[in-house]
Amino acid sequence: MRLGLCVVNGLRKEHGAHLLLERMRAPFASVADFNLRTKLTKAEQRTLAKIGALSGLSAHRRDALWQVELPFDSESLFAKPTTPAPAAPLVPMTTWERMHADHSGMSLS
């Protein structure tokens with residue numbers, strides 16, 4: 001089942017709309033590309049990674065959480081948003097951890 005961005009805690013409406021426009025313009029190639037093009041706040045990036053919204057751009061949720069924390073200078077002329085990020089030294093979340101992340105990161109009960 002898929003839920004809309006309106007249930008993501010802390011995601012501003014205008015940021016969600018910009019995210020959708022960027023996704024329609026071209027699919028995101030990586031978490032770095034996502035961050036460069038959407039310019040979401042770090043808190044919004046963390047929440048989306050935690051709830052699995054970036055799992056298609058990474059190996060698993062913790063890998064996405066790792067990638068949103070990597071330093072990336074979007075103002076740099078040499079920024080390469082599609083460069084593969086180093087593998088995260090973290091194991092994937094368990095089913096219970098994913099469920100807890102979903103409940104804490106979205107307006108679910």
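His60 sits in the loop between helix 3 and helix 4 of this predicted model. Its relative accessible area is 17%, so His60 counts as buried, the limit for that label being under 20%. Which residues does His60 touch, leaving aside those up to four places away in sequence? They are Ser55, Leu90, Val91 and Pro92.

**Helix 4**

Helix 4 spans residues 61–69. Which of its residues are buried? They are Arg61, Asp63, Ala64, Gln67 and Val68. These residues lie on the same side of helix 4, because they cover an arc of only 155° around the axis. That buried set has three packing partners. One is helix 2, residues 31–38. Another is helix 3, residues 42–50. Helix 5, residues 95–105, completes the list.

**Salt bridges**

How many salt bridges does the model hold? The count comes to seven. The table shows some of them, with the separation of the N and O atoms.

| Pair | N to O distance |
|---|---|
| Arg12 and Glu14 | 2.4 Å |
| Arg37 and Asp33 | 3.0 Å |
| Glu69 and Arg46 | 2.5 Å |

Take Glu69 and Arg46, a salt bridge with its closest N and O atoms 2.5 Å apart. This pair links distant parts of the chain. Glu69 belongs to helix 4 and Arg46 to helix 3, with their positions 23 residues apart in the numbering. Are these two residues buried, exposed or partly exposed? Glu69 is partly exposed, at 39% relative accessibility. Arg46 is partly exposed as well, with a relative accessible area of 35%.

Arg37 and Asp33 form a salt bridge inside one helix: their side chains meet at 3.0 Å, N to O, and both residues belong to helix 2. Why are they about one helical turn apart? They are four residues apart in helix 2, which means a separation of about one helical turn. Both Arg37 and Asp33 are buried. The two also take part in a wider arrangement. Together with Glu22 and Arg25, they are linked in a network of salt bridges.

Arg12 pairs with Glu14, and the closest N and O atoms of that salt bridge are 2.4 Å apart. Arg12 is partly exposed, with a relative accessible area of 46%. Glu14 is also partly exposed, at 42% relative accessibility.

**Lys39, between helix 2 and helix 3**

Where does Lys39 sit? Its place is the loop between helix 2 and helix 3. The phi angle of Lys39 is near 55°. That is a positive value, in a residue other than glycine. Is Lys39 buried or exposed? With a relative accessible area of 53%, Lys39 is exposed, since the cut-off for that label is over 50%.

**Gly4, before helix 1**

Gly4 lies in the segment that comes before helix 1, residues 13–25. At 40% relative accessibility, Gly4 counts as partly exposed. How far from the C-alpha atom of Gly4 is that of Gly16? The two C-alpha atoms are separated by 9.7 Å. Along the chain, Gly4 and Gly16 are 12 residues apart.

Methods:
Residues numbered from 1 in each chain as written. Predicted model: local features only at pLDDT ≥ 70, side-chain atom pairs only at ≥ 80, totals over all residues. Heavy atoms only, no water. Buried < 20%, exposed > 50% of the residue type's maximum accessible area, 1.4 Å probe, protein only. Helix = DSSP H or I, 4+ residues; strand = E, 2+ residues; numbered from the N terminus. Arc of directions from axis to C-beta. Contact = heavy atoms within 4.5 Å. Salt bridge = Lys/Arg side-chain N within 4 Å of Asp/Glu carboxyl O.
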